[in-house]
Amino acid sequence: MQEGKDPLSDFKHLSGIGPGVIELIENGRPAYRAVYCAKYEDTVFVLHAFTKTTNGVDRAAMKTVDERFKAQKKQKKK
(Lines give C-alpha, C1' and ligand atoms only; values in the text may rest on other atoms or scores of the structure.)
Protein backbone atom coordinates (compact mmCIF):
# COMPACT_ATOMS: atom_id res chain seq x y z
CA MET A 1 0.00 0.00 0.00
CA GLN A 2 1.44 3.30 -1.09
CA GLU A 3 0.19 6.57 0.33
CA GLY A 4 -2.61 4.73 2.17
CA LYS A 5 -4.29 3.61 -1.08
CA ASP A 6 -5.78 0.20 -1.73
CA PRO A 7 -3.36 -1.78 -3.96
CA LEU A 8 -6.17 -3.29 -6.02
CA SER A 9 -7.36 -1.40 -9.09
CA ASP A 10 -10.90 -1.41 -10.40
CA PHE A 11 -11.58 -3.40 -13.54
CA LYS A 12 -14.39 -3.93 -16.00
CA HIS A 13 -15.07 -6.79 -18.42
CA LEU A 14 -15.55 -5.49 -21.96
CA SER A 15 -17.70 -8.29 -23.33
CA GLY A 16 -18.80 -6.01 -26.19
CA ILE A 17 -15.29 -6.27 -27.62
CA GLY A 18 -14.70 -9.94 -26.96
CA PRO A 19 -14.50 -12.69 -24.36
CA GLY A 20 -11.74 -12.23 -21.81
CA VAL A 21 -11.14 -8.54 -22.58
CA ILE A 22 -10.64 -6.60 -19.34
CA GLU A 23 -10.13 -2.88 -18.70
CA LEU A 24 -7.90 -2.00 -15.75
CA ILE A 25 -9.03 1.33 -14.27
CA GLU A 26 -6.78 3.77 -12.40
CA ASN A 27 -8.72 6.92 -11.54
CA GLY A 28 -7.12 10.15 -10.43
CA ARG A 29 -5.47 13.10 -12.09
CA PRO A 30 -4.49 11.94 -14.61
CA ALA A 31 -6.58 8.79 -15.00
CA TYR A 32 -5.09 5.75 -16.73
CA ARG A 33 -6.55 2.74 -18.50
CA ALA A 34 -5.01 -0.51 -19.69
CA VAL A 35 -7.04 -3.01 -21.69
CA TYR A 36 -5.83 -6.58 -21.93
CA CYS A 37 -6.88 -10.08 -22.89
CA ALA A 38 -5.71 -12.95 -20.68
CA LYS A 39 -7.64 -15.92 -22.02
CA TYR A 40 -5.13 -17.40 -24.45
CA GLU A 41 -3.01 -20.18 -23.01
CA ASP A 42 -0.45 -18.66 -20.62
CA THR A 43 -0.15 -15.26 -22.33
CA VAL A 44 -1.54 -11.84 -21.43
CA PHE A 45 -1.97 -9.54 -24.42
CA VAL A 46 -2.00 -5.82 -23.62
CA LEU A 47 -4.27 -4.42 -26.29
CA HIS A 48 -3.93 -0.73 -25.36
CA ALA A 49 -2.80 1.48 -22.48
CA PHE A 50 -3.56 5.18 -22.38
CA THR A 51 -4.15 8.30 -20.30
CA LYS A 52 -7.86 8.98 -20.08
CA THR A 53 -8.69 12.47 -21.30
CA THR A 54 -12.50 12.47 -21.50
CA ASN A 55 -15.45 11.75 -19.26
CA GLY A 56 -17.31 8.70 -20.46
CA VAL A 57 -16.12 6.31 -23.14
CA ASP A 58 -12.99 7.25 -25.10
CA ARG A 59 -14.24 6.11 -28.51
CA ALA A 60 -10.87 6.39 -30.28
CA ALA A 61 -9.19 4.26 -27.61
CA MET A 62 -11.95 1.62 -27.72
CA LYS A 63 -11.68 1.51 -31.52
CA THR A 64 -7.95 0.80 -31.14
CA VAL A 65 -8.71 -1.96 -28.60
CA ASP A 66 -11.29 -3.53 -30.91
CA GLU A 67 -8.96 -3.49 -33.93
CA ARG A 68 -6.07 -4.99 -31.96
CA PHE A 69 -8.29 -7.69 -30.44
CA LYS A 70 -9.53 -8.70 -33.92
CA ALA A 71 -5.96 -8.72 -35.28
CA GLN A 72 -4.78 -10.82 -32.34
CA LYS A 73 -7.59 -13.33 -32.92
CA LYS A 74 -6.66 -13.60 -36.63
CA GLN A 75 -3.01 -14.17 -35.73
CA LYS A 76 -4.01 -16.87 -33.23
CA LYS A 77 -5.91 -18.81 -35.93
CA LYS A 78 -2.82 -19.05 -38.18
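In this predicted model, Glu 23 is in contact with Asp 10, Phe 11, Lys 12, Leu 14, Arg 33, Ala 34, Val 35 and Met 62, leaving aside its neighbours within four places in sequence. Glu 23 lies in strand 2, which spans residues 21–26. Its relative accessibility is 7%. The cut-off for a buried residue is under 20%, so Glu 23 counts as buried.

One of these contacts is also an ionic pair. The side chains of Arg 33 and Glu 23 form a salt bridge, with an N to O distance of 3.5 Å. This pair links distant parts of the chain. Arg 33 belongs to strand 3 and Glu 23 to strand 2, and the two are 10 residues apart. Both partners are buried. The pairing extends to a third residue: Lys 12, Glu 23 and Arg 33 are linked in a network of salt bridges.

In total, the structure holds 4 salt bridges. Among them are two pairs within helix 1. Glu 67 bridges to Lys 63, and the closest N and O atoms are 3.9 Å apart. These two residues sit 4 residues apart in helix 1, about one turn of the helix. Glu 67 has a relative accessibility of 45% and therefore counts as partly exposed. Lys 63, at 53%, is exposed. Asp 66 and Lys 70 form the other helical pair, their side chains meeting at 3.2 Å, N to O. Because Asp 66 and Lys 70 are 4 residues apart in helix 1, about one helical turn separates them. Asp 66 is partly exposed, with a relative accessible area of 23%.

Attention now turns to the nonpolar residues. In soluble globular proteins, nonpolar side chains tend to be buried together. The largest nonpolar core here has 11 residues in all. Its members are Leu 14, Ile 17, Val 21, Val 35, Cys 37, Leu 47, Phe 50, Ala 61, Met 62, Val 65 and Phe 69. Strand 3 (31–40), strand 4 (43–52) and helix 1 (59–77) each give two or more residues to this core. Helix 1 provides the largest share, 4 residues.

Val 65 is one of the core residues. Beyond its neighbours within four places in sequence, Val 65 is in contact with Ile 17, Val 21, Val 35, Leu 47 and His 48. Ile 17, Val 21, Val 35 and Leu 47 are also core members. Glu 23 in turn touches residues of this core, including Leu 14, Val 35 and Met 62. Val 35 is thus in contact with both Glu 23 and Val 65.

Key
Residues are numbered from 1 along each chain as its sequence is written. This is a predicted model: local features need pLDDT of at least 70, side-chain atom pairs count only at pLDDT 80 or more; totals for chains, interfaces and linings use all residues. Side-chain values use heavy atoms; hydrogens and water are left out. Buried means under 20% relative accessible area, exposed over 50%, partly exposed in between (1.4 Å probe, protein chains only). Contact means heavy atoms within 4.5 Å. A nonpolar core is a set of buried Ala, Val, Leu, Ile, Met, Phe, Trp, Tyr and Cys residues joined through side-chain atoms within 4.5 Å.
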